[in-house]
Amino acid sequence: MKKLLLAAMLLFAPALHAADLVTHNSVLIQADAEEIWPYIVDPGDWKAGVQLIPVDDEAMKFNAVMPDDPDTPLYIIYNVEFVPGQRRTVRLATLENATMGYASWHLEEVNSATLVTYDVYSYAEIPAEMEARYLEENSKRFQAELETLKKMVEAR
């Protein structure tokens with residue numbers, strides 16, 4: 001009976017599709033990179049979605065958790081490149097440590113301002129009919145987050 005139920009579930013379940021999320025977003029902030037850097041190190045005040053909870057003393061590994069359930073990690077984030085005031089790249093991994101993708105912030109001074117670029121590559125299996133919406137919504141969300149960062153920094 002269980003095999004029949006499983007076969008029926010697989011037959012009627014939406015087919016999953018390998019979706020590559022590749023985004024490039026940026027914003028020009030009227031501030032020095034040093035003023036922006038603390039927000040890159042701790043994005044909890046401006047980045048939507050998961051919060052990062054350090055799990056090691058060096059703050060190089062984090063549990064990604066939802067704010068309403070901080071004791072349940074959804075996935076792991078590792079700092080893989082950390083150049084203060086310039087670049088932070090993180091690796092997103094499953095709880096089993098399989099790579100899900102990378103995200104990178106780059107800060108470049110332009111005259112008296114700083115160009116903050118956020119590049120993301122991640123992989124997810126989602127229903128094929130949701131791929132276009134998934135890609136568009138994430139790109140829009142990342143840009144909105146950067147705009148929030150800009151407002152926070154420039155309001156200081």
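Mentor: Let us begin with a rule for this predicted model: rings of Phe, Tyr and Trp, the last represented by its six-membered ring, form a pair if their centres lie within 6.5 Å. By this rule, three aromatic pairs are counted here.

Trainee: What makes Tyr 118 and Phe 142 an aromatic pair, and why is this pair called edge-to-face?

Mentor: The ring centres of Tyr 118 and Phe 142 are 5.3 Å apart, and because the limit is 6.5 Å, the two rings qualify as a pair. Their planes stand at 85 degrees to each other, and since an angle over 60 degrees counts as edge-to-face, that is the name the pair receives.

Trainee: Which parts of the chain does this pair tie together?

Mentor: Tyr 118 belongs to strand E7 and Phe 142 to helix H3, so the contact ties together parts that are 24 residues apart in sequence. Both Tyr 118 and Phe 142 are buried, and together with Trp 105 they form one aromatic cluster.

Trainee: How do you know whether Leu 107 is buried or exposed?

Mentor: Leu 107, a residue of strand E6, has a relative accessible area of 6%; the term buried applies under 20%, so Leu 107 is buried. Its C-alpha atom is 6.3 Å from that of Ala 33, although the two residues are 74 apart in sequence.

Trainee: Why is Ile 36 called buried?

Mentor: The relative accessibility of Ile 36 is 0%, which is under the limit of 20%, and therefore Ile 36 counts as buried. Ile 36 sits in helix H2, residues 33-41, and 6.7 Å separates its C-alpha atom from that of Val 153, which is 117 residues away along the chain.

Trainee: Why is Tyr 134 called partly exposed?

Mentor: Tyr 134 has a relative accessibility of 23%, and because this value lies between the 20% and 50% limits, the residue counts as partly exposed. Tyr 134 is found in helix H3, and its C-alpha atom is 25 Å from that of Asn 79, with their positions 55 residues apart along the chain.

Trainee: What makes strands E1 and E2 the edges of the sheet?

Mentor: The open sheet has seven strands in the order E1-E7-E6-E5-E4-E3-E2, and their pairing is antiparallel. E1, residues 16-29, and E2 each have a single partner strand, so one side of each is left without a neighbour in the sheet. Direction ignored, neighbouring strands of this sheet are turned by 25 degrees against each other on average.

Trainee: How do you know that E1 and E7 pair?

Mentor: Two strands pair if there are at least two bridges between them, and E1 and E7 share 14 bridges in the antiparallel sense. Ala 18, for example, stands opposite Glu 125 in E7.

Trainee: How do you know that E2 pairs with E3, and that E3 pairs with E4?

Mentor: The requirement is again at least two bridges; four bridges join E2 to E3, which run antiparallel, and four bridges likewise join E3 to E4 in an antiparallel arrangement. Facing residues include Gln 51 opposite Val 65 in E3, Pro 54 opposite Phe 62 in E3 and Ala 64 opposite Tyr 75 in E4. Between E2 and E3 the hairpin has six residues, and Ala 59 in this hairpin takes a positive phi near 55 degrees.

Trainee: What makes strand E3 mostly covered?

Mentor: In strand E3, residues 61-65, four of the five residues are buried.

Trainee: What makes up the lining of the largest pocket, and which residues lie nearest its centre?

Mentor: The largest pocket, with a volume of about 460 Å³, is lined by 24 residues, and those nearest its centre are Val 50, Tyr 75, Leu 92, Tyr 118 and Arg 141. The lining divides into 17 nonpolar, five polar and two charged residues. Strands E2, E4, E5, E6 and E7 and helix H3 each supply at least two residues of this lining. Tyr 118, which lies nearest the centre along with the four others named, is also a member of the aromatic cluster.

Technical notes:
Residues numbered from 1 in each chain as written. Predicted model: local features only at pLDDT ≥ 70, side-chain atom pairs only at ≥ 80, totals over all residues. Heavy atoms only, no water. 1 Å grid on protein atoms, 1.4 Å probe; cavity = no way out; pocket = protein on both sides within 12 Å on 5 of 7 lines; lining within 4 Å. Points joined across faces, edges and corners; volume = space filled by probe spheres on them. Nonpolar A, V, L, I, M, F, W, Y, C, P; charged D, E, K, R; others polar. Phe/Tyr/Trp six-rings, centres within 6.5 Å; stacked < 30°, edge-to-face > 60°. Buried < 20%, exposed > 50% of the residue type's maximum accessible area, 1.4 Å probe, protein only. Axes fitted to C-alpha atoms, helices over the stretch in contact; angles between N-to-C directions.
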